[in-house]
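The following exercises concern a single protein chain. Each task is followed by a solution that proceeds step by step.

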Amino acid sequence: MTELATSTTTGKRVYIDKQHPQVFRAMRSAAETVREAAAEAGLDRRLVELVNLRVSQLNGCAYCLDVHTKAALQAGESVQRLGVLSAWRDTELFDARERAALALAEATTHPADATAQDAAYAQAREVLGEEQISAVIWVAVTINAFNRVSILSKHPVRPTRVGTQAAQ
(Lines give C-alpha, C1' and ligand atoms only; values in the text may rest on other atoms or scores of the structure.)
Protein backbone atom coordinates (compact mmCIF):
# COMPACT_ATOMS: atom_id res chain seq x y z
CA MET A 1 0.00 0.00 0.00
CA THR A 2 1.46 3.37 -1.02
CA GLU A 3 0.76 6.75 0.48
CA LEU A 4 -1.39 7.48 -2.58
CA ALA A 5 -3.72 4.54 -2.19
CA THR A 6 -5.50 2.52 0.44
CA SER A 7 -6.62 -1.08 0.29
CA THR A 8 -10.33 -1.83 0.17
CA THR A 9 -12.43 -4.92 -0.33
CA THR A 10 -12.71 -4.02 -4.01
CA GLY A 11 -9.08 -3.06 -4.59
CA LYS A 12 -6.94 -0.01 -4.06
CA ARG A 13 -8.32 3.50 -3.83
CA VAL A 14 -6.34 6.45 -5.09
CA TYR A 15 -6.00 9.32 -2.66
CA ILE A 16 -7.01 11.87 -5.25
CA ASP A 17 -5.96 14.75 -3.00
CA LYS A 18 -2.41 13.36 -2.99
CA GLN A 19 -2.44 12.34 -6.66
CA HIS A 20 -3.34 15.88 -7.77
CA PRO A 21 -2.28 18.10 -4.86
CA GLN A 22 -2.64 21.30 -6.88
CA VAL A 23 -6.36 20.60 -7.34
CA PHE A 24 -6.78 19.86 -3.64
CA ARG A 25 -4.93 23.07 -2.73
CA ALA A 26 -7.35 24.98 -4.97
CA MET A 27 -10.30 23.29 -3.22
CA ARG A 28 -8.87 24.20 0.18
CA SER A 29 -8.41 27.79 -0.97
CA ALA A 30 -12.01 27.87 -2.20
CA ALA A 31 -13.16 26.47 1.17
CA GLU A 32 -11.30 29.25 2.98
CA THR A 33 -12.95 31.83 0.74
CA VAL A 34 -16.36 30.28 1.49
CA ARG A 35 -15.66 30.39 5.26
CA GLU A 36 -14.71 34.07 4.93
CA ALA A 37 -17.87 34.81 2.92
CA ALA A 38 -19.97 33.01 5.55
CA ALA A 39 -18.39 35.07 8.33
CA GLU A 40 -18.91 38.30 6.36
CA ALA A 41 -22.56 37.30 5.88
CA GLY A 42 -22.95 36.99 9.64
CA LEU A 43 -22.85 33.20 9.96
CA ASP A 44 -20.79 32.12 12.93
CA ARG A 45 -18.37 29.20 12.79
CA ARG A 46 -20.66 26.96 14.87
CA LEU A 47 -23.43 27.26 12.25
CA VAL A 48 -20.95 26.61 9.43
CA GLU A 49 -19.78 23.48 11.21
CA LEU A 50 -23.36 22.31 11.79
CA VAL A 51 -23.92 22.57 8.03
CA ASN A 52 -20.63 20.74 7.35
CA LEU A 53 -21.64 17.98 9.74
CA ARG A 54 -25.21 17.58 8.52
CA VAL A 55 -24.11 17.32 4.89
CA SER A 56 -21.38 14.85 5.88
CA GLN A 57 -23.99 12.78 7.76
CA LEU A 58 -26.22 12.69 4.69
CA ASN A 59 -23.31 11.63 2.49
CA GLY A 60 -21.89 9.14 4.99
CA CYS A 61 -18.41 10.67 5.01
CA ALA A 62 -16.70 9.33 8.12
CA TYR A 63 -13.52 11.33 7.58
CA CYS A 64 -15.34 14.67 7.25
CA LEU A 65 -17.57 13.82 10.22
CA ASP A 66 -14.44 13.29 12.31
CA VAL A 67 -12.77 16.52 11.14
CA HIS A 68 -15.84 18.71 11.49
CA THR A 69 -16.96 17.28 14.83
CA LYS A 70 -13.61 18.39 16.23
CA ALA A 71 -13.95 21.78 14.53
CA ALA A 72 -17.48 22.24 15.90
CA LEU A 73 -16.36 21.42 19.42
CA GLN A 74 -13.46 23.87 19.09
CA ALA A 75 -15.93 26.52 17.89
CA GLY A 76 -17.97 26.01 21.08
CA GLU A 77 -20.69 23.65 19.86
CA SER A 78 -22.20 21.38 22.52
CA VAL A 79 -21.89 17.62 22.60
CA GLN A 80 -25.66 17.38 23.11
CA ARG A 81 -26.49 19.28 19.93
CA LEU A 82 -23.92 17.35 17.94
CA GLY A 83 -25.39 14.11 19.24
CA VAL A 84 -28.89 14.94 18.00
CA LEU A 85 -27.95 16.76 14.81
CA SER A 86 -29.20 13.95 12.57
CA ALA A 87 -32.64 14.41 14.18
CA TRP A 88 -32.57 18.22 14.33
CA ARG A 89 -36.20 18.50 13.23
CA ASP A 90 -37.29 16.49 16.28
CA THR A 91 -35.69 18.73 18.91
CA GLU A 92 -36.04 22.27 20.14
CA LEU A 93 -32.26 22.64 20.46
CA PHE A 94 -31.82 24.50 17.16
CA ASP A 95 -33.08 28.03 16.55
CA ALA A 96 -34.92 29.26 13.46
CA ARG A 97 -31.73 30.39 11.67
CA GLU A 98 -30.03 27.05 12.30
CA ARG A 99 -33.11 25.12 11.16
CA ALA A 100 -33.29 27.18 7.98
CA ALA A 101 -29.59 26.65 7.28
CA LEU A 102 -29.83 22.91 7.92
CA ALA A 103 -32.88 22.55 5.65
CA LEU A 104 -31.11 24.53 2.93
CA ALA A 105 -27.98 22.39 3.31
CA GLU A 106 -30.06 19.23 2.96
CA ALA A 107 -31.78 20.62 -0.15
CA THR A 108 -28.38 21.47 -1.61
CA THR A 109 -27.14 17.96 -0.93
CA HIS A 110 -30.22 16.38 -2.55
CA PRO A 111 -30.89 18.83 -5.40
CA ALA A 112 -33.26 16.52 -7.28
CA ASP A 113 -35.96 17.06 -4.65
CA ALA A 114 -37.51 20.30 -5.97
CA THR A 115 -40.25 20.28 -3.34
CA ALA A 116 -37.68 20.18 -0.51
CA GLN A 117 -35.70 22.94 -2.24
CA ASP A 118 -38.74 25.19 -2.47
CA ALA A 119 -39.65 24.55 1.17
CA ALA A 120 -36.06 25.14 2.32
CA TYR A 121 -35.84 28.40 0.40
CA ALA A 122 -39.15 29.60 1.82
CA GLN A 123 -37.99 28.76 5.35
CA ALA A 124 -34.61 30.42 4.77
CA ARG A 125 -36.17 33.62 3.39
CA GLU A 126 -38.07 34.04 6.66
CA VAL A 127 -34.92 34.27 8.80
CA LEU A 128 -31.88 34.67 6.52
CA GLY A 129 -30.88 37.41 4.13
CA GLU A 130 -29.82 36.72 0.56
CA GLU A 131 -26.13 36.94 1.46
CA GLN A 132 -26.64 34.38 4.24
CA ILE A 133 -28.67 32.07 1.99
CA SER A 134 -25.91 32.22 -0.60
CA ALA A 135 -23.23 31.56 2.03
CA VAL A 136 -25.09 28.53 3.44
CA ILE A 137 -25.45 27.08 -0.04
CA TRP A 138 -21.74 27.66 -0.75
CA VAL A 139 -20.80 25.96 2.53
CA ALA A 140 -22.98 22.97 1.57
CA VAL A 141 -21.61 22.83 -1.98
CA THR A 142 -18.04 22.94 -0.66
CA ILE A 143 -18.46 20.21 1.96
CA ASN A 144 -20.29 18.06 -0.58
CA ALA A 145 -17.18 18.28 -2.79
CA PHE A 146 -14.86 17.41 0.10
CA ASN A 147 -17.16 14.51 1.06
CA ARG A 148 -16.75 13.06 -2.41
CA VAL A 149 -12.95 13.40 -2.27
CA SER A 150 -12.78 11.63 1.09
CA ILE A 151 -15.39 8.96 0.31
CA LEU A 152 -13.92 8.06 -3.07
CA SER A 153 -10.37 8.12 -1.67
CA LYS A 154 -11.55 6.18 1.40
CA HIS A 155 -9.64 8.45 3.76
CA PRO A 156 -9.19 6.64 7.07
CA VAL A 157 -10.41 7.85 10.44
CA ARG A 158 -7.75 7.11 12.99
CA PRO A 159 -8.56 6.66 16.69
CA THR A 160 -7.92 9.68 18.88
CA ARG A 161 -5.86 9.00 21.96
CA VAL A 162 -7.73 9.41 25.24
CA GLY A 163 -7.17 12.86 26.67
CA THR A 164 -6.39 14.51 23.32
CA GLN A 165 -9.89 14.94 21.90
CA ALA A 166 -10.18 18.58 22.90
CA ALA A 167 -6.70 19.39 21.59
CA GLN A 168 -7.42 18.20 18.07
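The model is predicted.

**Exercise 1. A threonine in a helix**

Task: Determine which backbone oxygen the side chain of Thr108 reaches, and state which residues Thr108 touches beyond its neighbours in sequence.

Solution.
Step 1. The side chain of Thr108 comes to 2.8 Å from the backbone oxygen of Leu104.
Step 2. Thr108 belongs to helix 6, which covers residues 96–109.
Step 3. Leaving aside residues up to four places away in sequence, Thr108 touches Ile137, Ala140, Val141 and Asn144.

**Exercise 2. A residue of helix 8**

Task: Decide whether Ala140 is buried or exposed, and find its contacts.

Solution.
Step 1. Ala140 is found in helix 8.
Step 2. Its relative accessibility is 0%, so Ala140 counts as buried.
Step 3. With residues up to four places away in sequence left out, Ala140 touches Val51, Val55, Ala105 and Thr108.
Step 4. The C-alpha atoms of Ala140 and Asn52 are separated by 6.6 Å, although these residues are 88 residues apart along the chain.

**Exercise 3. The length of two helices**

Task: What span should helix 8 have, and what is the distance between its end C-alpha atoms? Repeat the check for helix 3.

Solution.
Step 1. The expected span is 1.5 Å times one less than the number of residues.
Step 2. Helix 8 has 24 residues and should therefore span 34 Å; its end C-alpha atoms lie 35 Å apart, which agrees.
Step 3. Helix 3 has 15 residues and should therefore span 21 Å; its end C-alpha atoms lie 21 Å apart, which agrees.

**Exercise 4. The surroundings and ends of helix 3**

Task: How many residues of helix 3 are buried, and what covers them? Describe also what is found at the start of the helix and just after it.

Solution.
Step 1. Eleven of the 15 residues of helix 3 are buried, and the helix is mostly covered.
Step 2. The buried residues include Leu47, Leu50, Val51, Asn52 and Val55.
Step 3. The cover of these buried residues includes helix 2, helix 4, helix 5 (79–83), helix 6 and helix 8.
Step 4. For one buried residue, Leu50, the contacts can be listed: Glu77, Arg81, Leu82, Leu85, Phe94, Glu98 and Leu102, not counting residues up to four places away in sequence.
Step 5. At the start of helix 3, a side-chain oxygen of Asp44 reaches to within 3.2 Å of the backbone nitrogen of Arg46.
Step 6. Gly60 follows helix 3 and has a positive phi, near 70°.

**Exercise 5. The nonpolar core**

Task: Which helix gives the most to the largest nonpolar core?

Solution.
Step 1. The largest nonpolar core has 39 residues. Leu43, Leu50, Val51, Leu85, Leu104, Val136 and Phe146 have the most contacts inside this core.
Step 2. At least two residues of the core come from each of helix 2, helix 3 (45–59), helix 4 (62–74), helix 6, helix 7 (114–127) and helix 8.
Step 3. Helix 8 gives the most, with nine residues.

**Exercise 6. An aromatic pair**

Task: How many aromatic pairs does the whole structure hold, and how are the rings of Phe24 and Phe146 placed?

Solution.
Step 1. A search of the whole structure finds one aromatic pair.
Step 2. The ring centres of Phe24 and Phe146 are 5.7 Å apart and the planes stand at 85°, so the pair is edge-to-face. The cut-off for this class is an angle over 60 degrees.
Step 3. Phe24 lies in helix 2 (residues 21–40) and Phe146 in helix 8 (residues 130–153), so the pair ties together parts that are 122 residues apart in sequence.
Step 4. Phe24 is buried at 18% relative accessibility, and Phe146 is buried at 15%.

**Exercise 7. Two cysteines**

Task: Explain why Cys61 and Cys64 form no bond.

Solution.
Step 1. The search of the whole structure finds zero disulfides.
Step 2. A disulfide requires sulfur atoms within 2.5 Å.
Step 3. The cysteine sulfur closest to that of Cys61 is in Cys64, at 3.3 Å, and is therefore too far for a bond.
Step 4. Cys61 is buried at 1% relative accessibility, and Cys64 is buried with a relative accessible area of 5%.

**Exercise 8. The residue after helix 8**

Task: Describe the phi of Lys154 and state how far this residue is exposed.

Solution.
Step 1. Lys154 comes just after helix 8.
Step 2. Its phi is positive, about 55°, although Lys154 is not a glycine.
Step 3. At 44% relative accessibility, Lys154 counts as partly exposed.

Key. Residues are numbered from 1 along each chain as its sequence is written. This is a predicted model: local features need pLDDT of at least 70, side-chain atom pairs count only at pLDDT 80 or more; totals for chains, interfaces and linings use all residues. Side-chain values use heavy atoms; hydrogens and water are left out. Buried means under 20% relative accessible area, exposed over 50%, partly exposed in between (1.4 Å probe, protein chains only). Rings of Phe, Tyr and Trp (its six-membered ring) pair if their centres lie within 6.5 Å; planes under 30 degrees apart count as stacked, over 60 as edge-to-face and the rest as tilted. Helices (H or I, at least four residues) and strands (E, at least two) are DSSP runs, numbered from the N terminus. A polar contact is a pair of N or O atoms within 3.5 Å; within protein, one must be able to donate a hydrogen and the other to accept it, and residues adjacent in sequence count only if both atoms are side-chain atoms. Contact means heavy atoms within 4.5 Å. A nonpolar core is a set of buried Ala, Val, Leu, Ile, Met, Phe, Trp, Tyr and Cys residues joined through side-chain atoms within 4.5 Å.
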